[in-house]
Amino acid sequence: MAKDLRVTRIEDLPGPKSKEELEEMKMPYEEYCRQQFDVGNEFSKPQALDGIRWLSTTMYIFTPHSVANIAEMGAEVIKIEMPRMGDPMRHTSPFNECYLYPLHDSRPMTGAGMGFLGANDSEYYITMDYHLDEMKEAFYRMVKMSDGLTECYRPGTFDRWKQSYRYVQELNPRFIYVWGGGFGYGPKCFGGSYDILGQSHAGLGSVTGFHETFGGHCAKHSNWCIDWYSGTQITFGMLAALHWRRKTGLGTMIEFSQVQAATRCLGYAAPLYGRFGIVRQRWGNWDTQLCAHGIILCGKSDFPDAKNPQDKYDARYAMVSAFQDEDFKELCAVTGNQQLYDKYKATKDRVEGEAQVEIYAALEKWAEDKSRSEVVKILQDAGLLAEPVMNDREVYESEHFRQRGSIRWIDDPTYGDVLVQSAYSSGLMAKTPRRQTWIWRTVGADNVKIYHEMLGYPMSKVEEWYEKAWI
Amino acid sequence: MCDIIWCKKEVDGKVCNTVNYLDPYCFWNWEGKVNCAECGAVYYIHMIQGHMYKGPEERPGEKPDTSPLYADKPLDGYTNYSPGVEGRTRPFQCLPRDIYLGVPDMVKFSVRGRPVRGWRPQPPSAGIAGSMPYSWDLKNGSPEVWEEYQKRLNSGEVKDW
Amino acid sequence: MAEKRDIEINSRADTMDLMNPEIRPWPVTPPPTAEWVMENTYAKRKAEDFGKWSEDNLRFEYAFAKPEALQGKRFLCAGIWRLGNKFCTALLAEAGAEVINIEPPGGDPLRKLTPFGREEYMLEDKMTGEKCGLDFLHEMRGQKSVTLNLETEEGQAIFKALAAHCDAVIDEMPPGYMDNLGIGYRDLSELYPSLIYCNIAVRGTWGPYKDKLSKFGQWTLEPFGGCANAFVHNTGFPQDQLPRKSGGSPTRSGVWFADYVAGEQAANTILAAMYWRDELGGTGQFCEVTGAESQLDILDFDIGWYGFNGSIKARTGGWDPNLNQYAWNPCRDGYMMIGGQTDRLWYRIGMCIERDMPQFGRLIHEDPILKEMGARNALEMLTKTYTMTARWLRNINRIEAEEKLMEYEIAAGPLLFIDEVAEFPHFKYRPWVATIDTDHYGTILYSVPPNNYQMRTPHRVKSMGRPTGFDTYEILQKYAGVGQTKVNELKGKGVI
């Protein structure tokens with residue numbers, strides 16, 4: 001409708017339009033963020049991927065995580081496991097100490113290990129032995145009713161079972177099909193893979209850990225970081241494919257090599273080798289391009305009397321960063337190492353290997369009679385950047401993560417009171433926040449819901465399949 | 001002999017026959033003396049790149065620099081010494097708790113005192129074809145845990161964090 | 001093959017050019033041919049059809065003949081120093097979006113970083129002689145460089161004009177910086193309600209432990225994120241295996257890993273927000289992704305484990321406390337990774353080793369404790385298993401170990417360094433790394449995006465980083481209507 005020029009509307013005037021807006025405009029940035037992200041009220045808001053349905057025929061961490069990412073953003077995900085056995089990740093537990101026990105059918109002593117946590121949350125769980133011809137129809141029905149699938153079987157396995165992209169694109173041209181695994185087409189196509197293989201085979205391990213000059217070995221990132229990180233990159237491929245499908249109505253197939261993803265995060269390693277033949281090496285707790293910017297060992301633990309050995313022996317490390325000239329000058333002054341500043345005034349000089357060895361040795365010498373928190377406090381009081389290397393307990397107790405909602409307790413319908421650090425921490429969204437509904441479900445927990453209610457098979461059939469261990 | 005020491009020392013007319021495991025990262029390049037976890041015999045070894053460059057040579061009467069992390073007796077039903085048995089195996093400090101189990105920890109309450117299903121056995125499920133409900137009937141399924149939880153609630157042991 | 005020639009080396013400077021790709025092209029030896037792979041890989045598994053179909057439809061070399069998934073999407077990025085924003089926008093650019101990267105007039109300080117401060121390892125722009133560090137060039141792939149001083153009014157006006165054309169703005173400036181300048185989400189969302197705005201940070205732009213600047217203005221960079229979420233605490237060898245300072249300390253990742261994780265989750269957040277906006281009738285929104293938290297998300301079960309029984313994850317070096325076997329251990333010429341946890345794989349590894357070393361079967365397979373899958377994860381069982389495995393490994397080199405284990409179809413692989421990665425047959429066949437002949441910097445070896453292998457919309461690298469402000473004229477003319485005369489004038493005033 002054309003605007004009536006005789007009327008002055010508040011909407012047309014510059015500046016705040018209402019009292020609320022006035023408040024908002026004056027609000028400090030910090031407050032504004034809190035209000036926008038509104039932690040704790042996630043369930044009062046919609047979800048970004050509502051209406052997407054995805055099949056997850058995955059195991060371990062890598063491919064499951066690629067799908068959990070979209071489940072946390074609202075997609076309906078159906079995780080399919082082998083009847084009775086389930087995902088092998090259910091059998092992983094640190095030092096064999098930590099399991100959750102569901103109500104059981106046949107194996108009262110078998111729990112699900114904590115290793116399974118975080119990679120498959122907020123999904124429905126069904127079972128299917130899909131290499132049986134008898135189950136093919138049910139599988140195809142699901143393909144027709146879904147937007148995509150992520151699988152992790154050895155290449156060619158799903159093809160042999162007539163459920164690879166070659167077959168399913170005929171049933172559903174909108175279908176987005178992801179294979180995630182170790183290597184992809186090529187000479188080592190059929191090689192299996194794990195996170196640790198990505199870390200070692202693709203070069204990440206070669207740049208992590210202390211150099212042998214210092215008596216060290218290549219160190220594995222203790223977390224399965226390449227599994228998770230590669231899974232998240234698959235999610236990116238899936239989301240990009242969804243956007244393209246909005247335009248064209250066509251799906252695609254993505255073949256994603258997890259091992260390769262580890263080479264992708266090596267920064268300057270490839271170009272440096274390609275141009276100069278220099279092979280990037282590991283450099284311990286320091287940085288190859290910045291100095292001072294490293295982790296130092298302090299003389300005393302912050303919690304010498306704690307019971308837990310991680311607090312007692314290892315609350316001793318601090319990250320110290322003063323690489324700009326003024327910062328470095330101040331660092332040298334505070335730690336009584338004026339001579340180092342005189343010697344290494346230029347960034348270029350102090351980043352050299354020998355200089356770093358000298359600088360960090362002097363810093364650790366200075367920290368020898370101090371605890372971690374003393375070191376951090378002295379440097380922070382001088383206006384420098386220094387923080388403790390925190391352990392899991394300290395992370396759990398961090399007010400920061402609690403206020404931002406990254407760590408929280410959930411009331412899991414199957415297992416009860418579980419602390420989770422996943423989903424909410426992978427990114428805040430003001431209007432369509434991520435969320436976690438349950439940590440995982442038992443093997444086949446939603447068989448009736450999917451086979452009967454969604455795919456329309458009579459209960460007698462569902463029960464028969466279950467008896468035969470087809471589902 | 002290499003990065004295990006299969007101790008063949010005769011003690012009281014019996015061969016010791018204990019296998020002492022010299023874990024690869026600690027001993028890959030290492031020189032010093034290490035004891036047998038069973039009989040206490042002290043061996044000098046010099047390892048380079050995982051190979052026994054010298055030793056193991058018995059050094060009676062000398063003190064060991066370190067101990068193996070783990071040792072067992074395969075000829076004796078695999079009886080063993082876990083890490084940290086005083087005077088026999090090396091302590092291992094870098095652990096997640098002050099206690100070390102190596103077997104499943106039976107947990108009924110989380111660190112903030114609310115029920116979590118971390119113990120076995122659990123009552124059988126009644127679901128069709130493996131189905132599982134979206135609720136956990138603690139009160140009727142595990143009444144003893146329910147009761148303990150009520151006590152904890154009343155005594156204020158249940159926290160938000 | 002290049003010709004043989006005599007050279008004289010008197011200093012490091014004399015060696016600099018010997019590896020130049022013009023003299024020593026990559027790969028040094030040719031990759032296996034497709035026919036070789038057909039015969040030796042696919043045919044051996046009776047998967048010739050499938051192999052052919054895969055290669056015909058997914059090959060890297062066909063990418064440029066296919067459309068781009070995010071063609072027509074546009075992003076504006078204001079972020080310096082860190083790799084989070086660069087990786088996020090690199091992913092978006094690889095998928096076909098246009099990315100405008102705003103740098104301060106002097107350029108992103110990340111451009112100046114080079115290993116051990118060595119300028120000779122920076123690349124020189126053929127036209128201007130400007131030097132640029134390799135991290136920056138590698139991660140700024142596909143993006144356009146525009147210089148703009150956001151602290152000036154003219155700069156802010158141009159920034160707002162550019163934002164009008166974009167689906168999302170990526171902000172990796174210090175907490176509240178953009179908001180203070182009046183070009184943060186609060187202001188832009190008034191102008192463009194459908195705009196998505198995503199902060200990237202190390203610990204956050206708000207909250208009690210948000211990112212700090214030193215009193216001299218130095219930024220918080222990785223690995224501060226990894227230190228704040230226990231990732232660093234959990235990595236490295238136990239002091240029981242190696243002395244502290246010789247590897248027996250909590251250890252940072254060799255790369256700025258949390259930045260990469262934040263970057264990819266930011267890209268996902270943005271694409272999901274766009275899906276909601278475009279497909280489900282939503283609007284723009286405010287988002288924030290941090291390195292500390294997105295890495296916390298992927299910290300396995302660690303925090304949950306603390307909640308379970310108060311355990312605080314300890315570092316475990318090259319071993320994994322959750323699976324056995326699942327570790328790398330030293331071998332004759334480096335480190336060898338072997339994995340296989342389920343009974344099926346565990347015994348296959350054992351059979352392979354036992355063939356060379358019967359004692360392995362005696363001590364490992366016959367031990368009753370090791371017969372149960374869960375019990376194998378106890379610390380003493382890891383110690384026993386890996387001691388015996390390393391005893392086998394010390395006699396063989398990585399390639400021998402790989403060949404032996406591959407016969408048993410074990411997931412195993414050598415720990416490779418970048419030169420070996422670049423020459424590993426499978427990796428150069430796909431390829432893992434590839435060269436691109438750039439206009440400014442000559443031939444550059446780069447890591448290929450793993451999403452490059454797709455049937456319909458493969459992601460791809462079209463260019464590496466650009467010289468500072470290279471695209472300023474084009475972008476300002478096209479999207480802000482600011483012509484060259486005005487640009488030059490603004491340059492004089494320090495705005496551009």
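Me: How far apart do the C-alpha centres of domain 1 and domain 2 of chain A lie?

Reply: The C-alpha centres of these two domains of chain A lie 41 Å apart. The model is a predicted one.

Me: Which residues belong to each domain of chain A?

Reply: Domain 1 of chain A takes in 53-264 + 422-467, and domain 2 takes in 293-397.

Me: And how is chain C divided?

Reply: Chain C has domain 1, made of 74-221 + 256-297 + 436-492, and domain 2, made of 326-415. Between the C-alpha centres of domain 1 and domain 2 of chain C there are 45 Å.

Me: How should I read the contact between chains A and C?

Reply: The size of an interface is often given as the accessible area lost when the parts come together. Here the description is by residues in contact: 162 of chain A with 171 of chain C. On the chain A side, helix α8 (residues 225-248) gives the most, with 16 residues. By class, that side of chain A holds 74 nonpolar, 63 polar and 25 charged residues.

Me: Which strands of chains A and C pair, and in what sense?

Reply: Strand β14 (residues 428-429) of chain A pairs with strand β8 (residues 286-290) of chain C in the antiparallel sense, over two bridges. Within this pairing, Met429(A) has Cys287(C) of β8(C) as its bridge partner.

Me: How many residues of chains B and C are in contact?

Reply: On chain B there are 35 residues in contact with 35 residues of chain C. At least two residues of the chain B side come from each of β4 (18-21), α1 (24-27) and β11 (115-118). The most come from α1(B), which supplies three. The chain B side that touches chain C consists of 21 nonpolar, nine polar and five charged residues.

Me: Now the interior. Which residues have the most contacts inside the largest nonpolar core?

Reply: That core has 331 residues, and those with the most contacts inside it are Ile70(A), Ala318(A), Leu92(C), Ala168(C), Tyr197(C), Cys198(C) and Cys287(C). Cys287(C) is also the bridge partner of Met429(A). Helix α11 (residues 257-279) of chain C gives the most to the core, with 14 residues.

Me: What is Ala168(C) in contact with, leaving aside neighbours within four places in sequence?

Reply: Ala168(C) is in contact with Phe75(C), Leu195(C), Ile196(C), Tyr197(C), Cys198(C), Ile270(C) and Met274(C) once those neighbours are left aside.

Me: Which residues does the second, separate core include?

Reply: This second core has five residues, among them Val37(C), Tyr42(C), Ala47(C) and Tyr429(C).

Key: Residues are numbered from 1 along each chain as its sequence is written. Chains are lettered from A and ligands numbered from 1 in the order in which they are written. This is a predicted model: local features need pLDDT of at least 70, side-chain atom pairs count only at pLDDT 80 or more; totals for chains, interfaces and linings use all residues. Two residues are in contact if their C-beta atoms, placed from the backbone, lie within 7 Å. Helices (H or I, at least four residues) and strands (E, at least two) are DSSP runs, numbered from the N terminus. Ala, Val, Leu, Ile, Met, Phe, Trp, Tyr, Cys and Pro count as nonpolar, Asp, Glu, Lys and Arg as charged, and the others, Gly among them, as polar. Two strands pair if DSSP finds at least two bridges between them. Domain bounds come from an automatic or database domain assignment. A nonpolar core is a set of buried Ala, Val, Leu, Ile, Met, Phe, Trp, Tyr and Cys residues joined through C-beta atoms within 7 Å. A residue is buried if 20 or more other C-beta atoms lie within 10 Å of its own, exposed if 12 or fewer, and partly exposed in between; C-beta atoms are placed from the backbone.
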